[in-house]
Amino acid sequence: MTTAMPVLTTPRLSVRPFTPADLAVCHRLFDYEAWETGQTLDARREWLAWTVGNYAALARLFQPPYGDRAVALRATGEVVGSVGLVPALGPFDRLPSFANRPAADHFSPQVGLFWAMRLGHRRQGYTAEAAQALIDYAFQALRLGCVVAMTDYENAASQAVMRRLGMTLEHNPASEPAWFQV
């Protein structure tokens with residue numbers, strides 16, 4: 001048995017592990033994060049080494065294949081984005097669809113889905129296409145019962161991706177935490 005994720009393919013994309021050769025594109029892909037946090041190229045290199053090492057480590061431990069995957073155009077191999085699964089601890093039990101689950105502080109662990117797409121490749125359906133491939137893998141191969149994604153009220157593009165994936169959008173009835181609103 002292995003929990004290593006194979007390369008996932010769609011008509012236009014491949015969802016594959018990042019490699020050390022992807023450093024420059026990763027730094028550009030996550031440039032919004034670099035701007036907000038002062039992330040340097042050396043810090044991104046460290047993150048990429050951890051990400052690449054994490055694939056094998058999780059597989060050896062028979063753990064789910066958490067982490068980022070590169071989204072590449074099948075026609076050219078160009079990396080245009082990232083998609084991945086992550087352990088997500090949030091106040092999900094505040095939401096109507098999770099309300100029947102007991103939790104004193106409303107925080108419960110879930111498997112989260114995330115994505116990022118390079119600026120020149122947005123609004124072409126790549127995000128939803130790659131995320132759908134990952135969701136299909138998560139439900140079929142990993143047998144997950146639920147996948148969540150989070151965004152804020154202003155991120156209409158991510159909300160549109162969620163709707164396209166068939167996700168139900170729910171709003172946190174409380175104002176806190178600020179990062180957990182949609």
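**Helix α5 and the loop before it**

Me: In this predicted model, where is the place of M150, in the loop between which helices?
Reply: The model is predicted, not experimental. M150 sits in a loop. That loop runs between α4 (126–140) and α5 (156–164).

Me: How does M150 count at its relative accessibility?
Reply: Buried means under 20% and exposed means over 50%, with partly exposed in between. M150 has 34% relative accessibility, so M150 counts as partly exposed.

Me: Which residues form a nonpolar patch on the surface with M150?
Reply: The patch has about 400 Å² of accessible area together. M150 is one of its members. The others are L89, F107 and W179.

Me: Which residues of α5 are buried, and why do they lie on one side?
Reply: An α-helix has 3.6 residues a turn, so residues three or four places apart point the same way. In α5, the buried residues cover an arc of only 155° around the axis, which puts them on the same side. They are S158, Q159, V161 and M162.

Me: Which residues are exposed on the other side of α5?
Reply: One side of α5 holds the buried residues, among them V161. The other side has exposed residues: A156, R163 and R164.

Me: What covers the buried residues of α5?
Reply: The buried set includes S158 and M162. The cover includes a strand and a helix: β5 (108–117) and α4.

Me: What is the phi of G166, the residue that follows α5?
Reply: G166 comes after α5. Its phi is positive, near 85°.

Conventions: Residues numbered from 1 in each chain as written. Predicted model: local features only at pLDDT ≥ 70, side-chain atom pairs only at ≥ 80, totals over all residues. Heavy atoms only, no water. Patch = residues over 30% accessible without salt bridge, like charges linked within 9 Å, V, L, I, M, F, W, Y side chains within 5 Å. Areas by Shrake-Rupley, 256 points an atom, 1.4 Å probe, with all protein chains shown as cover. Salt bridge = Lys/Arg side-chain N within 4 Å of Asp/Glu carboxyl O. Helix = DSSP H or I, 4+ residues; strand = E, 2+ residues; numbered from the N terminus. Buried < 20%, exposed > 50% of the residue type's maximum accessible area, 1.4 Å probe, protein only. Arc of directions from axis to C-beta. Contact = heavy atoms within 4.5 Å.
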